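Biologist: Could you take me on a close look at one part of this protein, the sheet and what surrounds it? I am in my first year, so please go step by step.

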Amino acid sequence: MKTRLWALILPLAAGLACSQANSGDAPEGTVDLASLDAVFSDFSDPDGPGCAFAVSRDGQQVMARAYGMANLEWDIPNTPETVFEPGSVSKQFTAAATILLALDGRIDLDDDIREYFPEMPDYGEPITVRMLVHHTSGLRDWGSVAGIEGWARTTRIHTHKHALDIASRQQALNYEPGLYYSYTNTGYNLQAMLVERVTGQTFDEFSQERIFGPLGMTKTQWRDDFTEIVEERSVGYRRGADGEWHMLMPFENVHGNGGLLTTVGDLLRFTRNLDTGEVGGPEFIRLMHEQGTLTSGRQISYAGGLFVGEYRGVREVQHSGGTAAYRGFLTRFPDHGVAVSVMCNVGEANPGGLARGVAELYLGDAISEESADDDPAGVEVDPARVAALAGGYRDTRTGQFMELAADGSSLRVGGMQGFQLAAMSETEFGSPDGISIAFEAAAEGGRPAAIMNTPVAVDVRIEPVGEFSPTAADLADYVGAYRSDEAEVTYWVEVEDGSLVLKDRYGDGEALDPVYPDAFTQGGTTYIFHRGDGGRVTEASLSQGRVWDLRFDRVQ
(Lines give C-alpha, C1' and ligand atoms only; values in the text may rest on other atoms or scores of the structure.)
Protein backbone atom coordinates (compact mmCIF):
# COMPACT_ATOMS: atom_id res chain seq x y z
CA MET A 1 0.00 0.00 0.00
CA LYS A 2 1.33 3.43 -0.91
CA THR A 3 2.85 5.61 1.80
CA ARG A 4 0.54 8.48 2.68
CA LEU A 5 1.64 11.98 3.52
CA TRP A 6 -0.66 11.96 6.53
CA ALA A 7 1.13 8.90 7.86
CA LEU A 8 4.15 11.14 8.30
CA ILE A 9 2.23 14.15 9.61
CA LEU A 10 -0.12 12.32 12.03
CA PRO A 11 2.43 11.57 14.80
CA LEU A 12 3.60 15.17 14.70
CA ALA A 13 0.03 16.51 14.80
CA ALA A 14 -0.92 14.24 17.69
CA GLY A 15 2.21 15.19 19.59
CA LEU A 16 1.51 18.88 19.06
CA ALA A 17 -2.04 18.43 20.34
CA CYS A 18 -0.74 16.70 23.44
CA SER A 19 1.86 19.35 24.11
CA GLN A 20 -0.86 21.99 23.92
CA ALA A 21 -3.07 20.01 26.26
CA ASN A 22 -0.23 19.74 28.74
CA SER A 23 1.02 23.29 28.54
CA GLY A 24 2.28 24.70 31.84
CA ASP A 25 3.61 22.78 34.79
CA ALA A 26 3.08 19.03 34.65
CA PRO A 27 0.47 18.01 37.22
CA GLU A 28 1.25 15.53 39.94
CA GLY A 29 0.81 11.97 38.73
CA THR A 30 1.43 12.74 35.04
CA VAL A 31 1.25 9.60 32.90
CA ASP A 32 3.86 8.98 30.22
CA LEU A 33 2.70 9.08 26.60
CA ALA A 34 3.99 5.60 25.79
CA SER A 35 1.63 4.04 28.34
CA LEU A 36 -1.32 6.01 26.99
CA ASP A 37 -0.45 5.20 23.38
CA ALA A 38 -0.28 1.51 24.27
CA VAL A 39 -3.95 1.61 25.31
CA PHE A 40 -4.87 2.73 21.78
CA SER A 41 -2.34 0.60 19.88
CA ASP A 42 -5.09 -1.15 17.92
CA PHE A 43 -6.40 2.17 16.59
CA SER A 44 -3.26 4.06 15.58
CA ASP A 45 -3.01 2.75 12.02
CA PRO A 46 -2.82 5.67 9.56
CA ASP A 47 -4.68 3.49 7.06
CA GLY A 48 -7.72 3.04 9.31
CA PRO A 49 -10.15 4.95 11.53
CA GLY A 50 -9.37 5.49 15.18
CA CYS A 51 -10.11 7.36 18.39
CA ALA A 52 -9.51 10.48 20.44
CA PHE A 53 -9.42 10.84 24.21
CA ALA A 54 -9.01 13.54 26.83
CA VAL A 55 -8.35 13.46 30.58
CA SER A 56 -9.05 16.01 33.29
CA ARG A 57 -7.91 16.30 36.89
CA ASP A 58 -10.03 18.36 39.23
CA GLY A 59 -11.81 19.86 36.26
CA GLN A 60 -8.68 20.88 34.33
CA GLN A 61 -7.83 19.07 31.10
CA VAL A 62 -4.36 17.57 31.39
CA MET A 63 -4.18 15.36 28.32
CA ALA A 64 -5.74 15.03 24.87
CA ARG A 65 -4.55 12.74 22.13
CA ALA A 66 -5.87 11.20 18.91
CA TYR A 67 -5.15 8.20 16.69
CA GLY A 68 -6.07 6.93 13.25
CA MET A 69 -7.94 8.70 10.51
CA ALA A 70 -11.06 10.87 10.55
CA ASN A 71 -11.62 10.50 6.79
CA LEU A 72 -10.07 7.68 4.78
CA GLU A 73 -11.05 9.09 1.40
CA TRP A 74 -9.23 12.37 2.01
CA ASP A 75 -6.46 11.07 4.31
CA ILE A 76 -7.49 13.38 7.17
CA PRO A 77 -6.31 12.32 10.63
CA ASN A 78 -8.22 12.39 13.87
CA THR A 79 -7.14 15.12 16.31
CA PRO A 80 -8.37 16.06 19.79
CA GLU A 81 -10.53 18.70 18.03
CA THR A 82 -12.22 16.18 15.72
CA VAL A 83 -16.01 16.05 16.04
CA PHE A 84 -17.48 12.59 16.73
CA GLU A 85 -20.80 11.21 17.93
CA PRO A 86 -20.71 9.49 21.33
CA GLY A 87 -24.05 7.69 20.92
CA SER A 88 -25.96 7.29 24.18
CA VAL A 89 -23.40 9.31 26.11
CA SER A 90 -25.74 12.03 24.78
CA LYS A 91 -28.49 10.96 27.19
CA GLN A 92 -27.00 12.85 30.13
CA PHE A 93 -27.28 16.07 28.12
CA THR A 94 -30.95 15.37 27.44
CA ALA A 95 -31.59 14.57 31.10
CA ALA A 96 -29.82 17.83 31.97
CA ALA A 97 -32.17 19.80 29.69
CA THR A 98 -35.21 18.12 31.24
CA ILE A 99 -33.99 18.80 34.77
CA LEU A 100 -33.21 22.43 33.97
CA LEU A 101 -36.75 22.80 32.64
CA ALA A 102 -38.06 21.33 35.91
CA LEU A 103 -35.87 23.69 37.96
CA ASP A 104 -37.34 26.55 35.91
CA GLY A 105 -40.77 25.46 37.17
CA ARG A 106 -42.03 24.86 33.65
CA ILE A 107 -42.57 21.12 34.18
CA ASP A 108 -42.63 18.76 37.15
CA LEU A 109 -40.65 15.53 36.96
CA ASP A 110 -43.70 13.71 38.34
CA ASP A 111 -46.04 15.04 35.64
CA ASP A 112 -47.91 12.47 33.56
CA ILE A 113 -46.34 12.56 30.10
CA ARG A 114 -49.82 12.61 28.52
CA GLU A 115 -50.05 16.25 29.66
CA TYR A 116 -47.50 16.96 26.94
CA PHE A 117 -48.18 14.02 24.61
CA PRO A 118 -51.96 13.53 24.43
CA GLU A 119 -51.42 11.26 21.42
CA MET A 120 -49.87 8.62 23.68
CA PRO A 121 -52.23 5.83 24.81
CA ASP A 122 -53.68 5.72 28.32
CA TYR A 123 -52.12 2.63 29.89
CA GLY A 124 -54.15 2.85 33.10
CA GLU A 125 -51.18 3.94 35.20
CA PRO A 126 -49.41 7.25 34.50
CA ILE A 127 -45.93 7.37 33.00
CA THR A 128 -44.07 10.28 34.57
CA VAL A 129 -41.30 12.42 33.14
CA ARG A 130 -39.03 11.03 35.88
CA MET A 131 -39.68 7.53 34.56
CA LEU A 132 -38.51 8.66 31.12
CA VAL A 133 -35.26 9.86 32.69
CA HIS A 134 -34.67 6.61 34.60
CA HIS A 135 -35.82 4.09 31.94
CA THR A 136 -38.58 2.78 34.21
CA SER A 137 -41.51 3.84 32.01
CA GLY A 138 -42.13 0.45 30.42
CA LEU A 139 -42.18 2.07 26.98
CA ARG A 140 -40.91 -0.12 24.18
CA ASP A 141 -37.85 1.11 22.33
CA TRP A 142 -39.13 2.68 19.11
CA GLY A 143 -35.96 1.76 17.19
CA SER A 144 -36.35 -1.90 18.10
CA VAL A 145 -39.98 -1.82 16.92
CA ALA A 146 -38.83 -0.17 13.69
CA GLY A 147 -36.38 -3.03 13.22
CA ILE A 148 -39.16 -5.57 13.76
CA GLU A 149 -41.13 -3.67 11.13
CA GLY A 150 -38.21 -4.14 8.73
CA TRP A 151 -36.64 -0.68 8.93
CA ALA A 152 -33.87 -0.91 11.49
CA ARG A 153 -32.00 2.27 12.32
CA THR A 154 -29.47 3.30 9.63
CA THR A 155 -31.78 1.81 6.96
CA ARG A 156 -34.23 4.75 6.79
CA ILE A 157 -34.12 8.46 7.59
CA HIS A 158 -35.97 8.36 10.89
CA THR A 159 -37.25 11.57 12.47
CA HIS A 160 -38.96 12.44 15.74
CA LYS A 161 -42.26 12.17 13.91
CA HIS A 162 -41.49 8.50 13.21
CA ALA A 163 -40.38 7.86 16.79
CA LEU A 164 -43.54 9.42 18.24
CA ASP A 165 -45.74 7.63 15.71
CA ILE A 166 -44.30 4.25 16.67
CA ALA A 167 -44.55 5.02 20.40
CA SER A 168 -48.18 6.16 20.10
CA ARG A 169 -49.12 2.90 18.31
CA GLN A 170 -48.03 0.66 21.18
CA GLN A 171 -51.17 -0.58 22.89
CA ALA A 172 -49.14 -2.31 25.58
CA LEU A 173 -46.03 -1.59 27.62
CA ASN A 174 -43.15 -3.88 28.43
CA TYR A 175 -44.37 -3.75 32.03
CA GLU A 176 -46.41 -1.62 34.40
CA PRO A 177 -44.77 1.81 34.79
CA GLY A 178 -42.16 1.79 37.52
CA LEU A 179 -42.13 -1.98 37.96
CA TYR A 180 -38.81 -2.71 36.22
CA TYR A 181 -35.91 -1.02 34.44
CA SER A 182 -35.74 -1.41 30.65
CA TYR A 183 -33.37 0.75 28.63
CA THR A 184 -35.37 2.54 25.94
CA ASN A 185 -34.42 5.30 23.53
CA THR A 186 -38.10 6.25 23.33
CA GLY A 187 -37.99 7.97 26.70
CA TYR A 188 -35.10 10.17 25.67
CA ASN A 189 -36.55 11.15 22.30
CA LEU A 190 -39.75 12.09 24.14
CA GLN A 191 -37.73 14.29 26.50
CA ALA A 192 -36.21 16.18 23.56
CA MET A 193 -39.68 16.66 22.09
CA LEU A 194 -41.01 17.68 25.51
CA VAL A 195 -38.47 20.51 25.75
CA GLU A 196 -39.52 21.73 22.33
CA ARG A 197 -43.25 21.60 23.11
CA VAL A 198 -42.83 23.47 26.39
CA THR A 199 -40.32 26.12 25.28
CA GLY A 200 -41.18 26.66 21.63
CA GLN A 201 -37.46 26.38 20.85
CA THR A 202 -35.74 23.60 18.99
CA PHE A 203 -33.92 21.21 21.28
CA ASP A 204 -30.61 22.44 19.91
CA GLU A 205 -31.53 26.08 20.53
CA PHE A 206 -32.45 25.33 24.15
CA SER A 207 -29.28 23.28 24.64
CA GLN A 208 -27.05 25.96 23.13
CA GLU A 209 -28.62 28.65 25.32
CA ARG A 210 -28.72 26.75 28.62
CA ILE A 211 -25.91 24.16 28.43
CA PHE A 212 -23.42 24.32 25.57
CA GLY A 213 -22.92 28.08 25.52
CA PRO A 214 -22.57 28.67 29.29
CA LEU A 215 -20.09 25.77 29.59
CA GLY A 216 -17.94 26.90 26.66
CA MET A 217 -18.78 23.83 24.55
CA THR A 218 -18.15 25.68 21.30
CA LYS A 219 -17.93 22.59 19.06
CA THR A 220 -21.05 20.82 20.32
CA GLN A 221 -24.50 20.62 18.71
CA TRP A 222 -27.34 18.17 18.15
CA ARG A 223 -27.50 16.26 14.88
CA ASP A 224 -31.09 17.30 14.12
CA ASP A 225 -30.30 17.60 10.40
CA PHE A 226 -27.88 14.93 9.27
CA THR A 227 -27.32 16.75 5.94
CA GLU A 228 -25.83 19.80 7.67
CA ILE A 229 -22.14 20.51 7.04
CA VAL A 230 -20.19 20.09 10.30
CA GLU A 231 -16.61 21.29 10.31
CA GLU A 232 -13.99 18.72 11.34
CA ARG A 233 -16.50 15.87 11.63
CA SER A 234 -15.09 12.37 11.35
CA VAL A 235 -16.68 9.65 9.25
CA GLY A 236 -17.79 6.39 10.90
CA TYR A 237 -16.34 3.14 9.54
CA ARG A 238 -16.69 -0.59 10.06
CA ARG A 239 -15.16 -3.63 8.40
CA GLY A 240 -17.22 -5.11 5.59
CA ALA A 241 -17.51 -8.75 4.65
CA ASP A 242 -14.69 -8.13 2.19
CA GLY A 243 -12.38 -7.10 5.03
CA GLU A 244 -12.20 -3.51 3.80
CA TRP A 245 -13.37 -0.36 5.58
CA HIS A 246 -16.89 0.82 4.73
CA MET A 247 -18.73 3.93 5.89
CA LEU A 248 -21.55 3.52 8.38
CA MET A 249 -23.10 6.86 9.27
CA PRO A 250 -26.21 7.80 11.32
CA PHE A 251 -28.27 9.19 8.48
CA GLU A 252 -31.24 10.01 10.70
CA ASN A 253 -32.55 13.07 12.50
CA VAL A 254 -33.69 11.55 15.79
CA HIS A 255 -31.71 12.98 18.70
CA GLY A 256 -31.83 13.21 22.46
CA ASN A 257 -31.30 9.47 22.72
CA GLY A 258 -28.04 10.03 20.86
CA GLY A 259 -27.12 12.40 18.07
CA LEU A 260 -24.72 14.69 19.91
CA LEU A 261 -21.89 16.07 17.79
CA THR A 262 -19.00 16.98 20.06
CA THR A 263 -15.30 16.71 20.93
CA VAL A 264 -13.52 14.89 23.74
CA GLY A 265 -12.64 18.24 25.31
CA ASP A 266 -16.23 19.49 25.26
CA LEU A 267 -17.38 16.28 26.96
CA LEU A 268 -15.02 17.01 29.84
CA ARG A 269 -16.41 20.54 30.16
CA PHE A 270 -19.87 19.06 30.66
CA THR A 271 -18.88 16.38 33.14
CA ARG A 272 -17.00 18.97 35.20
CA ASN A 273 -20.32 20.77 35.66
CA LEU A 274 -21.70 17.63 37.33
CA ASP A 275 -19.24 18.41 40.14
CA THR A 276 -19.40 22.20 40.20
CA GLY A 277 -23.02 22.97 39.29
CA GLU A 278 -21.90 26.08 37.41
CA VAL A 279 -25.01 25.49 35.32
CA GLY A 280 -28.00 24.45 37.40
CA GLY A 281 -26.58 24.69 40.90
CA PRO A 282 -26.65 22.13 43.74
CA GLU A 283 -30.19 20.88 43.02
CA PHE A 284 -29.23 20.19 39.43
CA ILE A 285 -26.28 18.10 40.61
CA ARG A 286 -28.51 16.20 43.03
CA LEU A 287 -31.17 15.40 40.44
CA MET A 288 -28.62 14.36 37.81
CA HIS A 289 -27.20 11.81 40.26
CA GLU A 290 -30.52 10.71 41.75
CA GLN A 291 -30.85 7.01 40.96
CA GLY A 292 -34.17 5.60 39.88
CA THR A 293 -36.39 3.72 42.31
CA LEU A 294 -38.76 0.92 41.32
CA THR A 295 -42.22 0.51 42.78
CA SER A 296 -40.79 -2.27 44.94
CA GLY A 297 -38.51 0.28 46.59
CA ARG A 298 -35.43 -1.12 44.90
CA GLN A 299 -32.90 1.46 43.74
CA ILE A 300 -31.34 1.01 40.30
CA SER A 301 -27.97 2.29 39.10
CA TYR A 302 -29.41 4.56 36.39
CA ALA A 303 -29.71 8.25 37.23
CA GLY A 304 -29.96 11.33 34.96
CA GLY A 305 -28.57 9.73 31.82
CA LEU A 306 -25.78 8.35 33.99
CA PHE A 307 -24.86 5.00 35.51
CA VAL A 308 -23.79 5.45 39.13
CA GLY A 309 -21.67 2.67 40.56
CA GLU A 310 -18.13 1.44 41.05
CA TYR A 311 -15.26 0.28 38.90
CA ARG A 312 -12.76 -1.96 40.66
CA GLY A 313 -13.66 -0.54 44.02
CA VAL A 314 -13.58 3.12 42.95
CA ARG A 315 -16.80 5.18 42.75
CA GLU A 316 -17.62 5.85 39.09
CA VAL A 317 -20.27 7.84 37.17
CA GLN A 318 -20.34 6.89 33.49
CA HIS A 319 -22.23 6.19 30.30
CA SER A 320 -21.28 4.45 27.07
CA GLY A 321 -22.74 4.83 23.62
CA GLY A 322 -22.74 3.76 20.00
CA THR A 323 -24.52 5.07 16.93
CA ALA A 324 -23.83 3.55 13.50
CA ALA A 325 -20.00 3.11 13.55
CA TYR A 326 -19.36 5.78 16.20
CA ARG A 327 -18.49 4.76 19.75
CA GLY A 328 -18.15 6.83 22.93
CA PHE A 329 -17.60 6.64 26.68
CA LEU A 330 -17.52 9.38 29.31
CA THR A 331 -16.52 8.46 32.85
CA ARG A 332 -15.79 10.36 36.04
CA PHE A 333 -14.29 9.17 39.31
CA PRO A 334 -15.57 11.86 41.72
CA ASP A 335 -13.54 10.83 44.76
CA HIS A 336 -10.31 11.17 42.82
CA GLY A 337 -11.06 14.13 40.56
CA VAL A 338 -10.34 12.14 37.39
CA ALA A 339 -12.51 12.19 34.26
CA VAL A 340 -11.87 10.54 30.88
CA SER A 341 -13.67 10.94 27.56
CA VAL A 342 -13.15 8.63 24.60
CA MET A 343 -14.74 8.74 21.16
CA CYS A 344 -14.01 6.59 18.13
CA ASN A 345 -15.11 6.45 14.51
CA VAL A 346 -14.58 2.70 14.27
CA GLY A 347 -17.38 0.25 15.00
CA GLU A 348 -15.05 -2.40 16.43
CA ALA A 349 -13.83 -0.16 19.26
CA ASN A 350 -14.69 -0.79 22.91
CA PRO A 351 -14.66 2.79 24.25
CA GLY A 352 -15.40 1.71 27.81
CA GLY A 353 -12.39 -0.56 27.92
CA LEU A 354 -10.23 2.16 26.37
CA ALA A 355 -11.44 4.88 28.76
CA ARG A 356 -10.96 2.70 31.80
CA GLY A 357 -7.54 1.67 30.54
CA VAL A 358 -6.59 5.34 30.53
CA ALA A 359 -8.29 5.96 33.89
CA GLU A 360 -6.34 3.17 35.55
CA LEU A 361 -3.11 4.90 34.59
CA TYR A 362 -4.25 8.09 36.30
CA LEU A 363 -5.90 6.45 39.30
CA GLY A 364 -2.80 4.38 40.03
CA ASP A 365 -2.75 2.87 43.51
CA ALA A 366 -6.37 3.90 44.17
CA ILE A 367 -7.52 0.86 42.25
CA SER A 368 -5.11 -1.71 43.67
CA GLU A 369 -5.73 -0.52 47.24
CA GLU A 370 -9.50 -0.30 47.03
CA SER A 371 -10.28 -3.35 44.93
CA ALA A 372 -8.45 -6.16 46.67
CA ASP A 373 -11.71 -7.94 47.41
CA ASP A 374 -13.62 -6.62 44.40
CA ASP A 375 -13.10 -9.47 41.94
CA PRO A 376 -14.73 -12.68 43.13
CA ALA A 377 -12.12 -15.37 42.71
CA GLY A 378 -14.69 -18.10 42.93
CA VAL A 379 -14.52 -21.43 44.68
CA GLU A 380 -13.92 -24.92 43.41
CA VAL A 381 -17.17 -26.77 42.79
CA ASP A 382 -17.56 -30.29 41.47
CA PRO A 383 -17.98 -29.82 37.68
CA ALA A 384 -20.67 -32.51 37.75
CA ARG A 385 -22.79 -30.31 40.04
CA VAL A 386 -22.37 -27.37 37.68
CA ALA A 387 -23.20 -29.55 34.66
CA ALA A 388 -26.46 -30.53 36.37
CA LEU A 389 -27.52 -26.85 36.29
CA ALA A 390 -26.72 -26.33 32.61
CA GLY A 391 -29.47 -26.12 30.02
CA GLY A 392 -32.24 -23.87 28.79
CA TYR A 393 -34.07 -21.33 30.98
CA ARG A 394 -36.99 -18.97 30.46
CA ASP A 395 -37.14 -15.40 31.76
CA THR A 396 -40.53 -15.37 33.50
CA ARG A 397 -41.05 -11.65 32.82
CA THR A 398 -40.56 -11.78 29.06
CA GLY A 399 -40.56 -15.41 27.97
CA GLN A 400 -37.07 -14.96 26.54
CA PHE A 401 -34.89 -18.03 26.29
CA MET A 402 -31.48 -18.19 27.96
CA GLU A 403 -28.89 -20.93 27.75
CA LEU A 404 -26.58 -21.68 30.67
CA ALA A 405 -23.52 -23.76 29.79
CA ALA A 406 -21.16 -25.54 32.19
CA ASP A 407 -17.48 -24.63 32.01
CA GLY A 408 -15.73 -26.58 34.76
CA SER A 409 -16.63 -24.87 38.04
CA SER A 410 -18.13 -21.89 36.20
CA LEU A 411 -21.32 -21.19 34.32
CA ARG A 412 -21.53 -19.30 31.04
CA VAL A 413 -24.60 -17.25 30.17
CA GLY A 414 -25.47 -17.50 26.49
CA GLY A 415 -23.70 -20.77 25.77
CA MET A 416 -20.00 -21.54 25.72
CA GLN A 417 -19.25 -18.26 23.90
CA GLY A 418 -21.15 -16.24 26.52
CA PHE A 419 -19.86 -14.41 29.57
CA GLN A 420 -18.56 -16.33 32.56
CA LEU A 421 -19.94 -16.48 36.09
CA ALA A 422 -17.59 -17.89 38.73
CA ALA A 423 -18.92 -20.22 41.42
CA MET A 424 -19.36 -18.47 44.76
CA SER A 425 -20.89 -21.65 46.20
CA GLU A 426 -22.59 -24.74 44.84
CA THR A 427 -25.76 -22.73 44.20
CA GLU A 428 -24.57 -19.16 43.50
CA PHE A 429 -22.50 -17.80 40.63
CA GLY A 430 -21.33 -14.25 39.97
CA SER A 431 -19.07 -11.86 38.07
CA PRO A 432 -17.15 -8.68 38.94
CA ASP A 433 -19.69 -6.76 36.83
CA GLY A 434 -22.39 -7.31 39.44
CA ILE A 435 -24.20 -10.13 37.63
CA SER A 436 -25.27 -13.07 39.78
CA ILE A 437 -27.46 -16.16 39.58
CA ALA A 438 -28.65 -17.87 42.75
CA PHE A 439 -30.35 -21.25 42.34
CA GLU A 440 -33.24 -22.43 44.48
CA ALA A 441 -33.58 -25.92 45.91
CA ALA A 442 -34.09 -28.41 43.11
CA ALA A 443 -36.94 -30.86 42.89
CA GLU A 444 -35.96 -34.51 42.85
CA GLY A 445 -34.18 -35.19 39.57
CA GLY A 446 -34.85 -31.75 38.05
CA ARG A 447 -32.99 -28.53 37.50
CA PRO A 448 -33.88 -25.70 39.88
CA ALA A 449 -35.22 -22.25 39.08
CA ALA A 450 -32.98 -19.30 39.92
CA ILE A 451 -32.97 -15.60 40.69
CA MET A 452 -30.76 -13.49 38.46
CA ASN A 453 -29.54 -10.00 39.35
CA THR A 454 -27.68 -7.47 37.23
CA PRO A 455 -26.73 -3.84 37.93
CA VAL A 456 -30.05 -2.72 36.40
CA ALA A 457 -32.39 -5.71 36.73
CA VAL A 458 -33.09 -7.28 40.11
CA ASP A 459 -34.93 -10.40 41.21
CA VAL A 460 -35.40 -11.75 37.69
CA ARG A 461 -36.75 -15.26 38.04
CA ILE A 462 -35.58 -17.77 35.44
CA GLU A 463 -37.10 -21.24 35.20
CA PRO A 464 -35.69 -24.34 33.54
CA VAL A 465 -37.30 -25.50 30.32
CA GLY A 466 -37.17 -28.89 28.69
CA GLU A 467 -35.84 -29.56 25.23
CA PHE A 468 -38.31 -29.25 22.37
CA SER A 469 -38.00 -31.38 19.24
CA PRO A 470 -41.15 -30.66 17.21
CA THR A 471 -42.40 -33.21 14.72
CA ALA A 472 -43.55 -32.34 11.22
CA ALA A 473 -47.12 -32.33 12.54
CA ASP A 474 -46.11 -29.96 15.34
CA LEU A 475 -44.51 -27.55 12.87
CA ALA A 476 -47.60 -27.58 10.69
CA ASP A 477 -49.59 -26.10 13.60
CA TYR A 478 -47.62 -22.86 13.35
CA VAL A 479 -47.82 -22.28 9.58
CA GLY A 480 -49.73 -19.13 8.69
CA ALA A 481 -49.61 -15.33 8.52
CA TYR A 482 -49.27 -13.19 11.66
CA ARG A 483 -50.03 -9.46 11.84
CA SER A 484 -48.99 -6.77 14.32
CA ASP A 485 -50.60 -3.34 13.96
CA GLU A 486 -48.24 -2.02 16.63
CA ALA A 487 -45.26 -2.77 14.37
CA GLU A 488 -47.28 -2.41 11.16
CA VAL A 489 -45.93 -5.68 9.81
CA THR A 490 -47.09 -9.12 8.73
CA TYR A 491 -44.85 -12.18 9.02
CA TRP A 492 -45.34 -15.47 7.22
CA VAL A 493 -44.41 -18.70 8.99
CA GLU A 494 -43.58 -21.63 6.73
CA VAL A 495 -41.86 -25.02 6.92
CA GLU A 496 -38.79 -25.54 4.78
CA ASP A 497 -36.43 -28.52 4.91
CA GLY A 498 -37.91 -29.66 8.20
CA SER A 499 -37.48 -26.31 9.95
CA LEU A 500 -39.82 -23.48 10.80
CA VAL A 501 -38.95 -20.33 8.85
CA LEU A 502 -40.16 -16.79 9.59
CA LYS A 503 -40.38 -14.65 6.44
CA ASP A 504 -40.87 -10.93 5.94
CA ARG A 505 -42.87 -9.12 3.25
CA TYR A 506 -40.05 -9.66 0.76
CA GLY A 507 -39.90 -13.42 1.28
CA ASP A 508 -36.62 -13.24 3.17
CA GLY A 509 -36.21 -15.20 6.37
CA GLU A 510 -34.18 -17.59 8.45
CA ALA A 511 -34.89 -20.84 10.24
CA LEU A 512 -36.06 -20.67 13.84
CA ASP A 513 -34.50 -22.87 16.52
CA PRO A 514 -36.95 -24.68 18.84
CA VAL A 515 -36.09 -24.05 22.50
CA TYR A 516 -39.12 -25.04 24.57
CA PRO A 517 -42.71 -26.06 23.73
CA ASP A 518 -44.27 -23.50 21.36
CA ALA A 519 -41.16 -21.29 21.60
CA PHE A 520 -38.38 -20.67 19.08
CA THR A 521 -35.39 -18.33 18.86
CA GLN A 522 -33.51 -16.59 16.11
CA GLY A 523 -30.96 -13.78 16.35
CA GLY A 524 -31.56 -13.03 20.03
CA THR A 525 -35.35 -12.86 19.67
CA THR A 526 -37.70 -15.42 21.24
CA TYR A 527 -40.89 -16.19 19.32
CA ILE A 528 -43.73 -17.76 21.28
CA PHE A 529 -46.89 -19.23 19.74
CA HIS A 530 -50.08 -19.03 21.80
CA ARG A 531 -53.01 -21.41 21.60
CA GLY A 532 -56.69 -20.70 22.08
CA ASP A 533 -59.60 -22.96 22.96
CA GLY A 534 -59.23 -26.31 21.26
CA GLY A 535 -55.43 -26.02 21.14
CA ARG A 536 -55.24 -24.12 17.82
CA VAL A 537 -52.48 -21.53 17.50
CA THR A 538 -54.26 -18.17 17.38
CA GLU A 539 -51.48 -15.65 17.93
CA ALA A 540 -47.76 -15.24 18.42
CA SER A 541 -45.53 -12.91 20.36
CA LEU A 542 -41.90 -11.91 20.29
CA SER A 543 -39.58 -10.73 23.02
CA GLN A 544 -36.12 -9.25 22.69
CA GLY A 545 -33.94 -6.94 24.77
CA ARG A 546 -36.02 -3.74 24.53
CA VAL A 547 -39.39 -5.08 23.34
CA TRP A 548 -41.27 -7.55 25.49
CA ASP A 549 -44.30 -9.61 24.45
CA LEU A 550 -45.18 -7.82 21.20
CA ARG A 551 -48.32 -9.58 20.00
CA PHE A 552 -49.19 -10.79 16.47
CA ASP A 553 -52.68 -11.95 15.52
CA ARG A 554 -52.91 -14.98 13.28
CA VAL A 555 -54.68 -13.72 10.17
CA GLN A 556 -54.57 -16.89 8.07
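Modeller: Happy to! Let us begin with the sheet itself, keeping in mind that this is a predicted model. Nine strands make up an open sheet, and their pairing is antiparallel. If you walk across the sheet, you meet the strands in the order S24-S23-S22-S21-S29-S28-S27-S26-S25. At its edges are strand S24 (509–511) and strand S25 (513–516), each of which pairs on one side only. As you step from strand to strand, neighbours in this sheet are turned against each other by 30° on average, with direction ignored.

Now zoom in on one pair within the sheet. Strand S21 (residues 480–484) and strand S22 (residues 489–496) run antiparallel and are joined by five bridges. To find your place in this pair, look for Gly480, which stands opposite Val493 in S22.

The sheet also has a helix packed on it: helix H5 (residues 142–149). This helix touches S22, strand S28 (537–544) and strand S29 (547–554). Compare the direction of H5 with that of S29, and you will find an angle of about 35°.

Next, follow the chain out of S22. In the loop between S22 and strand S23 (499–503) you come to Asp497. Asp497 has a phi near 50°, which is a positive value in a residue other than glycine. Is Asp497 buried or exposed? With a relative accessible area of 82%, Asp497 is exposed, because the cut-off for that word is over 50%.

There is a similar story elsewhere in the chain, at Asp58. The loop that holds Asp58 lies between strand S1 (51–57) and strand S2 (60–66). Asp58 is not a glycine, yet its phi is positive, at about 50°. Asp58 is exposed too, and its relative accessible area is 65%.

For some more strand pairs, go to strand S10 (residues 314–323). Seven of the 10 residues of S10 are buried, so this strand is largely enclosed by the rest of the structure. What joins S10 to strand S9 (residues 307–311)? Five bridges do, and the two strands run antiparallel. In this pair Gly309 stands opposite Glu316 in S10. The hairpin of S9 and S10 has two residues between the strands, and there Arg312 takes a positive phi near 50°.

S10 also pairs with strand S11 (residues 326–333): seven bridges join these antiparallel strands. Thr323 has Tyr326 in S11 as its bridge partner. S10 and S11 form a hairpin with two residues between them, and Ala324 in the turn has a positive phi of about 50°.

Finally, let us look at a pair of helices. Packed helices are described by the angle between their axes and the distance between those axes. The axes of helix H3 (residues 91–103) and helix H10 (residues 281–289) come within 10 Å and cross at roughly 130°. H3 and H10 are therefore oblique to each other. Their crossing is right-handed. Which residues meet here? From H3 come Gln92, Ala95, Ala96, Ile99, Leu100 and Leu103, and they meet Glu283, Phe284, Leu287 and Met288 in H10. Sorted by class, this contact has eight nonpolar residues, one polar and one charged.

Notes:
Residues are numbered from 1 along each chain as its sequence is written. This is a predicted model: local features need pLDDT of at least 70, side-chain atom pairs count only at pLDDT 80 or more; totals for chains, interfaces and linings use all residues. Side-chain values use heavy atoms; hydrogens and water are left out. Axes are lines fitted to C-alpha atoms, for helices over the stretch in contact, and angles run from 0 to 180 degrees between N-to-C directions. Helices (H or I, at least four residues) and strands (E, at least two) are DSSP runs, numbered from the N terminus. Angles under 35 degrees count as roughly parallel, over 145 as roughly antiparallel, 65 to 115 as roughly perpendicular and the rest as oblique. A crossing is left-handed if the near helix is turned anticlockwise from the far one by less than a right angle, and right-handed if clockwise. Contact means heavy atoms within 4.5 Å. Ala, Val, Leu, Ile, Met, Phe, Trp, Tyr, Cys and Pro count as nonpolar, Asp, Glu, Lys and Arg as charged, and the others, Gly among them, as polar. Two strands pair if DSSP finds at least two bridges between them. Buried means under 20% relative accessible area, exposed over 50%, partly exposed in between (1.4 Å probe, protein chains only).
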